[in-house]
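Biologist: I have a new structure open and would like to learn how to read it. Could you walk me through it?

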Amino acid sequence: MAQESEEDDGYEIIVSAVLNDDDGIVVQAPPRCYERDGDPLDAVPVARGIGEQRVIGADAEGMLRWRQDDEPLLGPAIWQRAGNAIGDYRFRVPADADKPICIGARSSATQGFAQLRRIVSAEGMHGRYLHFSARVSARKAGMVRFWLATGDERNRRGRGGDTRDAPLHGTHDWRTVHLVVGPVPAYANHVSYGFLLQGRGDAWLADPRLEVLTREQAQAVASMPISRVGNARPH
């Protein structure tokens, strides 16, 4: 296991955000996002409008609440609802993990953002490369973004991948997104990945996968050469 120092300014990292099959022609629009019957998260009281970043999660007594976002580490089985305007969006996470999930704005005037994400332990990932891939489809979306990042319990963040420079807008048929980052710094205790919708519209996600790769495997996945960059400094 590589022991990269957080003071090392020269560690190697791949950052790749690739949307495939984007020929600019809309073939099919997905449906509006709709809630799953009986989803307990839909019963949690959440205010409407834009506020601070918050998450729906269990408190110390195990009760589901809308609370300050402390990036709870809940593992790969849980898609967390977070954002600065959760109450302005609908979410759907089917009980069948193989079915698509979605986020949808409740009105065309929505201005904030909402996200579905997973936060998993970084155990066994240090010094390795990570690959997050998924298929995405959008309907009249204001903006859809994806990310893959590392962090620790003190909110120190390693450099991550984000599609902020090439977000999706509008209506799109299914296409694939890839993000590759690494190596995971030694201080990281978790990895966060997912997608967000800002503004109007709907976004659907299918076949999400997080893989741990060697440097050689990561090079094969990335659409650009390995880049020499400095480690992001802890804040």
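Modeller: Happily; we will take confidence, the core, a strand pair, one loop residue and a disulfide in turn. Keep in mind that this is a predicted model.

Biologist: Then let me begin with confidence. What is the mean pLDDT of the chain?

Modeller: The mean is 83, and 80% of the residues reach 70 or more. Among the elements, β6 has the highest mean pLDDT, 98, while strand β14 (residues 227–228) has the lowest, 36.

Biologist: Where does pLDDT stay under 50?

Modeller: One such stretch is residues 1–14, and another is residues 224–235. The model has 47 contacts beyond four places in sequence for residues 1–14, and 33 for residues 224–235. As a general idea, where pLDDT is low, the predicted coordinates should not be read in detail.

Biologist: Now the interior. Which residues touch the most other members of the largest nonpolar core?

Modeller: That core has 38 residues, and those touching the most other members are Y89, I103, L116, V144, F146, L148 and F195. Several strands supply at least two residues each, among them β7 (101–105), β8 (113–121) and β12 (190–198). The largest share, 9 residues, comes from β9. There is also a second, separate core of 5 residues, including F113, M143, W147 and L196.

Biologist: How many bridges join β9 to β11?

Modeller: There are 10, and the two strands run antiparallel. To see the pairing, find A138, which stands opposite H172 in β11. Strand β11 is largely enclosed by the rest of the structure, because 10 of its 14 residues are buried.

Biologist: Let me try a loop residue. Is N84 buried or exposed?

Modeller: Here a cut-off helps: buried means under 20% relative accessible area. N84 has 17% relative accessibility, so N84 counts as buried. N84 sits in the loop between β5 (80–83) and β6. Its side chain reaches the backbone nitrogen of F113 at 2.8 Å. Beyond four places in sequence, the residues N84 touches include G49, I50, E52 and G112.

Biologist: And which residues does the disulfide join?

Modeller: The search of the whole structure finds 1 disulfide, joining C33 to C102 with an S to S distance of 2.1 Å. The pair ties together parts 69 residues apart in sequence, because C33 lies in the loop between β2 (16–19) and β3 (54–58) and C102 in strand β7. The link is right-handed, with 80 degrees about the S-S bond. Both C33 and C102 are buried.

Key
Residues numbered from 1 in each chain as written. Heavy atoms only, no water. Core = buried A, V, L, I, M, F, W, Y, C linked by side-chain atoms within 4.5 Å. Buried < 20%, exposed > 50% of the residue type's maximum accessible area, 1.4 Å probe, protein only. Helix = DSSP H or I, 4+ residues; strand = E, 2+ residues; numbered from the N terminus. Polar contact = N/O pair within 3.5 Å; in protein donor to acceptor, adjacent residues only side chain to side chain. Contact = heavy atoms within 4.5 Å. Pairing = 2+ DSSP bridges. pLDDT = per-residue confidence, 0-100. Disulfide = S-S within 2.5 Å.
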